[in-house]
Amino acid sequence: EIFQNPKMATDNKYDRQIRLWGSHGQKRLSTTSALLLNAGALGTESLKNLILPGIGSFHIADPVNISLRDCGNNFFVTQNDVGKPRAQVSTQLLSELNPDVKCSFSVRSVGDILKDEPFLQQFSLIIATDLTQEQMCDLGEICKKLDQILVIANCFGMVGYIRVYKPEHQIIESKPEGKELEDVRLNAPFKELIDFANSFDLQKLPDNLHCHVPYVVLL
């Protein structure tokens, strides 16, 4: 289902952040389409931080109905919404943060979506929370195949983790200010470095040896 919002009247509401990452950065953000799998507290808060600066569109997929537990940690549900689809209520409240952002939702499970690659292919960013290890691995393989950015996150009280996957990402200093900068990127490594990296079988290394692998090999 799709929510339609009226356009914001203010044209320069993104002025401050454009000064930070430039017009090209804002354009990249405004053309991004994000998918959120599971609209728990962590997922909705993460999506909120993309909606406020003006992401292009987002879709929430979540099969769960709101419970009283959600009301204790999720700002985008209320006690009056208990029993309603969490995807629907979260989408409706998140859409109020920025009328420029297109939003939609579906009441679908992660397992169902993992079988639907054409659906996943329409998004440029996938944010997943509260996944099992098996689901994370399966989703990672799909994103690798489709060349998509994947962010996996979870939290347990005051402890949490985040995993980011992207096939390749290069950062170039665009304002060197007259300083001489050496090119230390590894997008074209020399033969000896390739041979050295290939000498490690990362899939078969036990944990006690894996932690001693030089970082340049992991890169």
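**Note on two buried asparagines, a bent helix and a pocket**

1. Asn74 counts as buried, because its relative accessible area is 4% and the cut-off for that label is under 20%. The model under discussion is a predicted one, and the values below should be read in that light. As for its setting, Asn74 sits in the loop that joins α3 (68-73) to α4 (86-95).

2. Which backbone oxygen does the side chain of Asn74 reach? That of Ala39, at 3.2 Å; the Asn74 side chain also makes a polar contact with the side chain of Thr44, again listed at 3.2 Å. Once neighbours within four places in sequence are set aside, the residues in contact with Asn74 are Ala39, Gly40, Ala41 and Thr44, so that Ala39 and Thr44 appear both in this contact list and as partners of the Asn74 side chain, around a residue whose relative accessible area is 4%.

3. Asn38 is placed in the loop between β2 (33-37) and α2. Is Asn38 buried or exposed? Asn38 is buried, because its relative accessibility of 9% falls under the 20% limit. Not counting residues up to four places away in sequence, Asn38 touches Gly43, Ala61, Asp62, Pro63, Val110, Thr129, Asp130 and Leu131.

4. Helix α1, which covers residues 15-30, deserves a careful look, since it has 16 residues and yet its end C-alpha atoms are only 14 Å apart, whereas a straight helix would reach 22 Å at 1.5 Å a residue. Where does α1 bend? The bend is at Gly22 and amounts to about 105°.

5. Gly22 is also one of the buried residues of α1, the others being Gln17, Gln26 and Leu29. Among what covers these buried residues is α2 (41-51), the helix that follows the loop holding Asn38.

6. The largest pocket has a volume of about 510 Å³ and is lined by 16 residues, of which Arg28, Leu29, Thr32, Leu125 and Ile149 lie nearest its centre. The elements that give two or more residues to this lining are α1 and β6 (149-156). Which element gives the most to the lining of the largest pocket? That element is α1, with five residues, and Leu29, one of the residues nearest the pocket centre, is also listed among the buried residues of α1.

Note on methods:
Residues are numbered from 1 along each chain as its sequence is written. This is a predicted model: local features need pLDDT of at least 70, side-chain atom pairs count only at pLDDT 80 or more; totals for chains, interfaces and linings use all residues. Side-chain values use heavy atoms; hydrogens and water are left out. Helices (H or I, at least four residues) and strands (E, at least two) are DSSP runs, numbered from the N terminus. Buried means under 20% relative accessible area, exposed over 50%, partly exposed in between (1.4 Å probe, protein chains only). A polar contact is a pair of N or O atoms within 3.5 Å; within protein, one must be able to donate a hydrogen and the other to accept it, and residues adjacent in sequence count only if both atoms are side-chain atoms. Contact means heavy atoms within 4.5 Å. The expected span of a helix is 1.5 Å times one less than its number of residues. The bend at a residue is the angle between axes fitted to the seven residues ending there and the seven starting there. On a 1 Å grid over the protein atoms alone, a cavity is a set of points where a 1.4 Å probe fits but cannot get out, and a pocket is an open set with protein on both sides within 12 Å along at least five of seven lines; lining residues have an atom within 4 Å of a point. Grid points are joined across faces, edges and corners, and a volume is the space filled by probe spheres set on the points.
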